[in-house]
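Work through these exercises with the structure open beside you. Try each task before you read its solution.

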Amino acid sequence: DALPVEEKLVLQEAAAVGRVFWTTTLESMRPESRIRDALRGLEDKGLVVTQATSSLPGETELVFRHGLTREVAYESVPKGRRARAHADVGRWLEVLAGDRREEYVDLLAYHYESASSPEHADLAWPGDPEAREEVRAKAVAALIDAGEAAKTRFAVDQARGFADRALALAATEPERLAALELKAE
């Protein structure tokens, strides 16, 4: 709470990405802000650390120094803003993945599902039902894709879990059918 406003916002948005995060993710979420200056300030305070190498080539990767710091930052984000942050991370991942979506499908499912939980989505997009519906549909599609990927790895329980989660968010007959077919397979 004692952090400068910009650093606090950056820390909270980084927490929505996960324990490991990338500068470009945050820049895609808040293009007009001074992300790099805020990250330097957070690093000087010992809250985050820049990794020597990155799991994503060409990207600056950072990590929360302590998992508890990430957890506190994440829980301090209002639910509506948290949902929008997860949706932003999902969109960033889609661009990053390009034609390699299957490599990122579990992360896409996590972020879009987190963005589309009804109690959070209603707060995130109170006057924009189209945006809520778009995020919800992306969550269902990603959950089904993640379930299909788990099925090909013979991770049957995981595939069934993705199917159940997709079914819980499904709003159309084709979505319900796809989730039920995945569960049955």
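**Exercise 1: Leu3 and Leu47**

Task: find which residues Leu3 is in contact with, leaving aside its neighbours within four places in sequence.

Solution.
- Step 1. Collect the contacts of Leu3 beyond that window: Lys8, Leu11, Leu42, Lys45 and Leu47.
- Step 2. Place Leu3 in the chain. Leu3 lies in the segment before α1, and that helix covers 5-17.
- Step 3. Check one distance in this predicted model. Leu3 and Lys45 are 42 residues apart in sequence, yet 9.6 Å apart in space, C-alpha to C-alpha.
- Step 4. Turn to Leu47, one of the partners of Leu3. Leu47 sits in the loop between α3 (35-44) and β2 (48-50).
- Step 5. List the contacts of Leu47, again leaving aside neighbours within four places in sequence. They are Leu3, Leu11, Leu42, Val63, Phe64, Arg65 and Thr69.
- Step 6. Add a second distance. Leu47 and Arg70 are 23 residues apart in sequence and 8.9 Å apart in space, C-alpha to C-alpha.

**Exercise 2: Thr25 and Leu26**

Task: decide whether Thr25 is buried or exposed. Then look at Leu26 and the core.

Solution.
- Step 1. Locate Thr25 in helix α2, residues 23-29.
- Step 2. Apply the cut-off: buried means under 20% relative accessible area. Thr25 has 0% relative accessibility, so Thr25 counts as buried.
- Step 3. See what Thr25 touches. Not counting residues up to four places away in sequence, the partners are Val17, Val89 and Trp92.
- Step 4. Do the like for Leu26. Leaving aside neighbours within four places in sequence, Leu26 is in contact with Val10, Glu13, Ala14, Val17, Phe21, Ile35 and Leu39.
- Step 5. Find Leu26 in the largest nonpolar core, which has 52 residues. Phe21, Leu26, Leu39 and Trp125 touch the most other members of this core.
- Step 6. Ask which helix gives the core its largest share. Helix α8 (residues 129-152) does, with 10 residues.

**Exercise 3: Glu75, Phe154 and Ala155**

Task: sort Glu75, Phe154 and Ala155 into buried, partly exposed or exposed.

Solution.
- Step 1. Recall the cut-offs: exposed is over 50%, buried is under 20%, and partly exposed lies in between.
- Step 2. Take Glu75, found in helix α4 (residues 67-75). Glu75 counts as exposed because its relative accessibility is 51%.
- Step 3. Compare sequence and space. Glu75 and Ala15 are 60 residues apart in sequence but 8.9 Å apart in space, C-alpha to C-alpha.
- Step 4. Take Phe154, which lies in the loop between α8 and α9 (156-169). Its relative accessibility is 74%, so Phe154 counts as exposed.
- Step 5. Check the backbone of Phe154. Its phi is near 65°, a positive value in a residue other than glycine.
- Step 6. Take Ala155, placed in the loop between α8 and α9. With 22% relative accessibility, Ala155 counts as partly exposed.
- Step 7. Add a distance for Ala155. Ala155 and Ser76 are 79 residues apart in sequence and 34 Å apart in space, C-alpha to C-alpha.

**Exercise 4: The whole protein**

Task: state how many helices and strands the protein has. Then ask why its radius of gyration agrees with a compact globule.

Solution.
- Step 1. Count the elements: 10 helices and three strands.
- Step 2. Read their order from the N terminus: α-β-α-α-β-β-α-α-α-α-α-α-α.
- Step 3. Test the globule. A compact globule of 185 residues would have a radius of gyration near 16 Å; the protein has 17 Å, so the two agree.
- Step 4. Give the spans. Along its principal axes the C-alpha trace covers about 50 × 40 × 30 Å.
- Step 5. Look at burial. Of the 185 residues, 45% count as buried.
- Step 6. Look at contacts between residues at least 6 apart in sequence. Of these, 59% join residues at least 24 apart.
- Step 7. Finish with surface and charge. The protein exposes about 9,600 Å², and carbon and sulfur atoms supply 55% of it. There are 25 positive and 34 negative side chains, and the centres of the two sets lie 4 Å apart.

Technical notes:
Residues numbered from 1 in each chain as written. Predicted model: local features only at pLDDT ≥ 70, side-chain atom pairs only at ≥ 80, totals over all residues. Heavy atoms only, no water. Core = buried A, V, L, I, M, F, W, Y, C linked by side-chain atoms within 4.5 Å. Buried < 20%, exposed > 50% of the residue type's maximum accessible area, 1.4 Å probe, protein only. Helix = DSSP H or I, 4+ residues; strand = E, 2+ residues; numbered from the N terminus. Contact = heavy atoms within 4.5 Å. Rg over C-alpha atoms; globule rule 2.2 N^0.38 Å. Areas by Shrake-Rupley, 256 points an atom, 1.4 Å probe, with all protein chains shown as cover. Lys, Arg positive; Asp, Glu negative; His and termini not counted. Charge placed at Lys NZ, Arg CZ, Asp CG, Glu CD.
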